[in-house]
Amino acid sequence: MAAYTPVIAFVSPKGGVGKTTASLTLASELVYQFDETITVIDADPNYPFKRLMNLGRLPQKLNIVLDQSEETILDNIEKARQNSRVVIIDLEGTKNMRVTYAVSKADLVVIPVQGSILDANEAAEAIKLIKRTEKGFNRKIDYAILFTRMPAALVSRNFVDIARQFSDALIPVLGANLVEREAFKTMFSTGYALHDLTDSQVSGLSKAKQDSYALAEAVVDRINENRKKLMQAA
Ligand SMILES: Nc1ncnc2c1ncn2[C@@H]1O[C@H](COP(=O)(O)OP(=O)(O)O)[C@@H](O)[C@H]1O
Ligand SMILES: [Mg+2]
């Protein structure tokens with residue numbers, strides 16, 4: 001087991017932006033690439049991963065932990081860190097103590113954003129929460145925006161505008177996007193991880209796998225680079 005287990009938290013004060021979808025996509029990809037235990041902590045009271053667990057079709061090494069509350073999240077993160085290669089936390093679309101605790105332990109906070117100004121405003125709220133948590137817990141916390149549900153055909157004007165807004169504000173954006181693809185939804189409807197789906201179940205699977213590969217690469221690179229910087233500074 002690698003000595004260092006990164007924690008990745010998917011955060012947005014708003015529901016429906018794609019946190020859960022991106023969490024499962026990343027987890028699927030990392031299990032496929034590393035072939036080691038990847039833990040997803042489902043810290044949403046609606047438990048979007050519960051049904052997937054019950055279907056029993058996820059890879060064995062994709063470990064799901066259903067977290068109870070703000071009283072259990074820190075212990076669950078600590079436990080997961082001990083037996084996983086990577087820990088991914090899927091949070092409720094809100095701001096509360098449980099989200100703050102998860103952020104306080106994160107090596108990278110990913111903020112999914114769809115192509116609307118409203119989403120961009122929510123992202124700004126998430127960043128404020130990260131900054132408060134940095135102060136309160138006296139720890140630097142890296143974060144980046146993830147564009148999700150991008151239209152496949154052409155880059156919409158909205159995305160271009162929002163991307164410019166972020167870059168003007170020096171807000172980091174991951175160098176990979178998730179396009180709006182049926183395959184990402186099909187994981188949830190069938191209970192299969194991305195690499196266990198077949199072309200007969202869903203079209204456009206290879207493109208979804210290209211997206212998930214790029215997402216994992218962007219996330220892992222960012223965490224490694226940040227870790228290098230932190231170690232040099234220490
Ligand atoms: N990349 C994507 N492609 C297709 N559908 C997506 C994608 N990301 C999210 N969705 C859909 O958008 C809705 C909200 O996504 P979800 O991941 O549940 O958001 P959140 O966890 O932030 O509430 C779901 O119906 C999901 O299937
Ligand atoms: Mg969710």
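What share of the contacts in the protein with a separation of 6 or more comes from residues 24 or more positions apart? In this predicted model, such residues account for 79% of those contacts.

Let's start with the overall layout. The protein has eight helices and six strands, and if you walk along the sequence you meet them in the pattern β-α-β-α-β-α-β-α-β-α-β-α-α-α. So strands and helices take turns up to the last strand, and the chain then finishes on a run of helices, going by that pattern.

Now for the overall dimensions. Lined up on the principal axes, the C-alpha atoms fit a box of roughly 50 × 45 × 35 Å. A compact globule of 234 residues would have a radius of gyration near 17 Å, and the protein has 17 Å, so the two agree. As for burial, 50% of the 234 residues count as buried. The accessible surface comes to about 11,300 Å², with 48% of that belonging to carbon and sulfur atoms.

Next, zoom in on one pair of helices. Two packed helices are described by the angle between their axes and the distance between the axes. Take helix H1 (residues 19-34) and helix H7 (residues 182-190): their axes come within 10 Å and cross at roughly 90°. With angles of 65 to 115 degrees counting as roughly perpendicular, H1 and H7 are therefore roughly perpendicular to each other. On the H1 side, the contact is made by Thr 20, Thr 21, Leu 24, Thr 25 and Ser 28, while H7 brings in Phe 184, Met 187 and Phe 188. Sorted by class, that contact has four nonpolar and four polar residues, and no charged ones.

Conventions. Residues numbered from 1 in each chain as written. Chains lettered and ligands numbered in written order. Predicted model: local features only at pLDDT ≥ 70, side-chain atom pairs only at ≥ 80, totals over all residues. Heavy atoms only, no water. Axes fitted to C-alpha atoms, helices over the stretch in contact; angles between N-to-C directions. Helix = DSSP H or I, 4+ residues; strand = E, 2+ residues; numbered from the N terminus. Parallel < 35°, antiparallel > 145°, perpendicular 65-115°, else oblique. Contact = heavy atoms within 4.5 Å. Nonpolar A, V, L, I, M, F, W, Y, C, P; charged D, E, K, R; others polar. Rg over C-alpha atoms; globule rule 2.2 N^0.38 Å. Buried < 20%, exposed > 50% of the residue type's maximum accessible area, 1.4 Å probe, protein only. Areas by Shrake-Rupley, 256 points an atom, 1.4 Å probe, with all protein chains shown as cover.
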